[in-house]
Amino acid sequence: MSEMDSRNEDMLDRRDSAPGEERSEEHEVAGGLSGYLLGFGLAMLLSVASFIAAQTDLIYQPAVISALTVLAIAQMGVHLVFFLHLTTGPDNTNNVLALAFGVLIVTLVVLGSVWIMNHLSQNMGAMDAHQAHMMP
């Protein structure tokens, strides 16, 4: 079998795969055992950085929440790329669209909940002492 035949068979195999069934290549950054080990190392590094940011005075205290948010988003990116193999390749279009839809739904739920709670807080009257005493 020539090299050209093996390439054609490999291309046919790729077209028959379902979304999410794509194989990662060894030469890709996130492919193979080295990709998993690199992802594991990056995830551990980000976890350790989060604990250091939360437990020490290395970061200005009011900025700790922002630092933890940035580290959490970076860790989500590491997991998506190195463990879920979500890349920008043409085979991952459906996965990227599903992820974007999920992010949109979560954003709408969180922002809608905050908006509802803020609206209720503004429209609820303050309780006087007698009403507070009558509460069970």
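Gly 32 is found in helix 2 of this predicted model, where helices (H or I, at least four residues) and strands (E, at least two) are DSSP runs numbered from the N terminus. With a relative accessible area of 12%, Gly 32 is buried; the classes are buried (under 20% relative accessible area), exposed (over 50%) and partly exposed (in between), evaluated with a 1.4 Å probe on protein chains only. Gly 32 and Phe 82 are separated by 50 residues in sequence, yet their C-alpha atoms are 9.6 Å apart in space. Residues are numbered from 1 along each chain as its sequence is written, and side-chain values use heavy atoms, with hydrogens and water left out. As the model is predicted, local features need pLDDT of at least 70 and side-chain atom pairs count only at pLDDT 80 or more, whereas totals for chains, interfaces and linings use all residues.

The protein contains five helices and zero strands, and its pattern along the sequence is α-α-α-α-α. Of its 136 residues, 12% count as buried. The protein exposes about 10,900 Å², of which carbon and sulfur atoms supply 68%; accessible areas come from the Shrake-Rupley method with a 1.4 Å probe, and for residues only the protein chains shown count as cover. Among contacts (heavy atoms within 4.5 Å) with a separation of 6 or more, 49% are accounted for by residues 24 or more positions apart.

Helix 2 comprises residues 32-55. At 1.5 Å a residue, its 24 residues should span 34 Å, and the end C-alpha atoms are 35 Å apart, which agrees; the expected span is 1.5 Å times one less than the number of residues. The buried residues of helix 2 are Gly 32, Gly 35, Gly 39, Ala 43, Leu 46, Ser 50 and Ala 53. An α-helix has 3.6 residues a turn, so residues three or four places apart point the same way. The buried residues of helix 2 pack against helix 3.

Two adjacent positions of helix 2 illustrate both ends of the accessibility scale. Ser 50, in helix 2, is buried with a relative accessible area of 17%. Not counting residues up to four places away in sequence, Ser 50 touches Leu 68 and Leu 71. Phe 51, also placed in helix 2, counts as exposed at 59% relative accessibility. The C-alpha atoms of Phe 51 and Leu 68 are 9.0 Å apart in space, with the two positions 17 residues apart in sequence numbering.

The largest nonpolar core consists of five residues, Ala 43, Leu 46, Leu 71, Val 78 and Phe 82. Each of helix 2 and helix 3 supplies at least two residues of this core, and the largest share, three residues, comes from helix 3. A nonpolar core is a set of buried Ala, Val, Leu, Ile, Met, Phe, Trp, Tyr and Cys residues joined through side-chain atoms within 4.5 Å. With neighbours within four places in sequence left aside, Leu 46 is in contact with Leu 71, Ala 74, Gln 75 and Val 78. Gln 75 has its place in helix 3 and, at 17% relative accessibility, counts as buried. Under the corresponding exclusion of neighbours within four places, Gln 75 is in contact with Ala 43, Leu 46 and Ser 47.

The structure holds one aromatic pair. Tyr 36 and Phe 83 form this pair, which is stacked, with 6.1 Å centre to centre and 20° between the planes. Tyr 36 lies in helix 2 and Phe 83 in helix 3, so the pair ties together parts that are 47 residues apart in sequence. Rings of Phe, Tyr and Trp (its six-membered ring) pair if their centres lie within 6.5 Å; planes under 30 degrees apart count as stacked, over 60 as edge-to-face and the rest as tilted. Both ring-bearing residues are partly exposed, Tyr 36 with a relative accessible area of 37% and Phe 83 with 28%.

Tyr 36 also takes part in a polar contact of 3.0 Å, which joins its side chain to that of His 85. A polar contact is a pair of N or O atoms within 3.5 Å; within protein, one must be able to donate a hydrogen and the other to accept it, and residues adjacent in sequence count only if both atoms are side-chain atoms. His 85 is found in the loop between helix 3 (64-83) and helix 4 (93-123). Although not a glycine, His 85 has a positive phi of about 55°. His 85 and Asn 95 are ten residues apart in sequence, and their C-alpha atoms are 9.8 Å apart in space.
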